[in-house]
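Got the viewer open? Let's walk through it one selection at a time.

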Amino acid sequence: MRPDSARLGSARLGRANLDRLPPAVRRPAYDRSRVTPGIVHLGLGAFHRAHQAVVIDDCLAAGEAGWGIIGASLRSPDTREALAPQDHLYTLAVRSAEGTEHRVIGALLDSVVARENPAALVERMSDPATRIVSLTVTEKGYCHTPQTGDLDERHPDIVHDLNTHPETPRSAPGFIVAALARRRARGLPPFTVLCCDNLAANGHTVQRIVTQFAALRSKDLCKWIADNVAFPSTMVDRIVPETTDADREAVANALGLRDAWPVMTEPFTQWVVEDRFPAGRPDLAAAGVELVADVKPFELMKLRLLNASHSALAYLGYLAGYETIADTMRDLHFARLAAQVMEDAAVTLTMPSGADLAAYRASLLKRFANPALRHRTWQIAMDGSQKLPQRLLGAMQDRLGKNLPIATHALAVAGWMRYVTATDEHGRAIDVRDPLAGEFAALAREAGPVAERLAPALLGVGRVFGPLGADPRLREAVTAALGSLYRDGARQAVQTHVSA
Ligand code: CS2
């Protein structure tokens, strides 16, 4: 037993002991027993709990008692097991150089594990009270090809859901279509589908995936969905590192109670949403959400400035031996590289009206450098095959269209290539997490550590690069950058690049 747990005993955060919390800890400012569910959220990870659920907590505090959240984990029971014994209450710890603020969130009312009981989730989504189904299932959770935005009909979960288990699915598109079909059969209006993942044009993309899936089940259902279901696009932004045991200890010390799964985040939070909710919505604007007619400029700004430079720092920083983004940013050459990725991407963007590019970029650099946030480069490096197109490749294509150089983005892509070889600069294994990791490792084995062979081999993976992979200018730039990584190592290659 750790000394802290001994001191704190086994008292666990829960409904019964909310008033034992120290005064500095904020708690739900409403009567939770009066709150009823209005939202089903798919993908009950830390990101949702540190972002949308906090906004909903504010809405509940403003008296909108009909918008509580039922959270669904698609696969793992871990979150339910951590949160059910504490009445689904959990702590949000907001960290900055100035210190940590703690707040207990009450918006999550219950949770389900889809894999254990898919029928119960479909039924919950089909309940007349469910008016919004929101999602944070990560890029790969949509079972699509990021390069084209189309449903991947050969994805094992899609095959499972379509061919044999339409009523007890596994995939996010499978659940949405099963529940919409049931609502239609019962004469109920549909819910609004609210994608909160970092996909390009996320609402449109999910609409396309869902209607493609539905078309494979029934033409009529597909038409009903196309005519009746709203898929507003959203831009969500808050940095949420994985919770560690050290974080749990720190939160337990601040609360005087144990919380099995608190979430750690930064002070910054932003949510921009297209205002299309035919089935109703809480007063999101009163909770600080920006409701707009078109999210696209916000989305592109975030993907190409924040997420692109995040990925560049993650791959190259990891290779250089930095554990976190803040560590990477302390190396001024890497900080300059992040600024350069943003600068090069900026010329491909139409900024949202009213947005101040210089201030936005400065705030990103400051957020990345937040010393109190231990955001691991390894965490962000995950699932690159699903992230590269919307973060880096779109901007490269646009720059090539304007005959502008792409060396900075090429270095980031080369960093990804070097990373997915699964062996670091000291010959140690890298734990590469990516649905295509096996394919990348096989290509890397075949090519060997030779930029001229490895770069074209990986650029030939059509599901990631599409036709852009065949562009000779891209091939040349990426091969040169990968060559510098093999020759000099990531630290030196970044320094040389930013000093040129
Ligand atoms: C990160 C994002 O893990 C990643 O790929 O780039 O999760 C990033 O932290 C969020 O999009 C910030 O809003």
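A word on classes before we start: Ala, Val, Leu, Ile, Met, Phe, Trp, Tyr, Cys and Pro count as nonpolar, Asp, Glu, Lys and Arg as charged, and the others, Gly among them, as polar. Also keep in mind that this is a predicted model.

**Stop 1: the ligand**

Select the ligand and show what surrounds it: Asn 198, Val 236, Asp 237, Arg 238, Ile 239, Lys 302, Asn 307, His 310, His 375, Ile 380, Lys 387 and Arg 391. Colour that shell by class and you get three nonpolar, four polar and five charged residues.

Now turn on distances. The side chain of Asp 237 has an N or O atom 2.6 Å from an oxygen of the ligand. For Asn 198, a side-chain N or O atom is 2.9 Å from a ligand oxygen, and the side chain of Arg 391 also puts an N or O atom 2.9 Å from an oxygen of the ligand. As for cover, the ligand by itself exposes 350 Å², and the protein buries 89% of that.

Switch to cartoon. Strand E10 (234–237), helix H11 (296–319) and helix H16 (384–401) each give at least two residues to this shell, with H11 providing the largest share, three residues. Colour by domain next: domain 1 (5–292) and domain 2 (296–499) each contribute at least three shell residues.

**Stop 2: the second largest pocket**

Which residues should you centre on here? Of the 24 that line this pocket, Pro 146, Gln 147, Ala 200, Pro 389 and Gln 390 lie nearest its centre. Its volume is about 530 Å³.

Back in class colours, the lining shows 11 nonpolar, nine polar and four charged residues. In cartoon, pick out helix H8 (202–217), H11 and H16, each of which supplies at least two lining residues. Why does this pocket lie between domain 1 (5–292) and domain 2 (296–499)? Because both domains give residues to its lining.

**Stop 3: the largest cavity**

Searching the whole structure turns up three cavities of 30 Å³ or more. Head for the largest, with a volume of about 70 Å³. To see its walls, select Ile 39, His 48, Gln 52, Ile 56, Ile 69, Ile 132, Ser 134, Leu 194, Trp 271, Pro 282 and Leu 284. Helix H3 (52–61) and strand E6 (132–135) are the elements giving two or more residues to this lining.

One last recolour by class: the lining of the largest cavity has eight nonpolar residues, three polar and no charged.

Technical notes
Residues are numbered from 1 along each chain as its sequence is written. This is a predicted model: local features need pLDDT of at least 70, side-chain atom pairs count only at pLDDT 80 or more; totals for chains, interfaces and linings use all residues. Side-chain values use heavy atoms; hydrogens and water are left out. A residue is near a molecule or strand if one of its heavy atoms lies within 4 Å of it. A polar contact is a pair of N or O atoms within 3.5 Å; within protein, one must be able to donate a hydrogen and the other to accept it, and residues adjacent in sequence count only if both atoms are side-chain atoms. Accessible areas come from the Shrake-Rupley method with a 1.4 Å probe; for residues, only the protein chains shown count as cover. Helices (H or I, at least four residues) and strands (E, at least two) are DSSP runs, numbered from the N terminus. Domain bounds come from an automatic or database domain assignment. On a 1 Å grid over the protein atoms alone, a cavity is a set of points where a 1.4 Å probe fits but cannot get out, and a pocket is an open set with protein on both sides within 12 Å along at least five of seven lines; lining residues have an atom within 4 Å of a point. Grid points are joined across faces, edges and corners, and a volume is the space filled by probe spheres set on the points.
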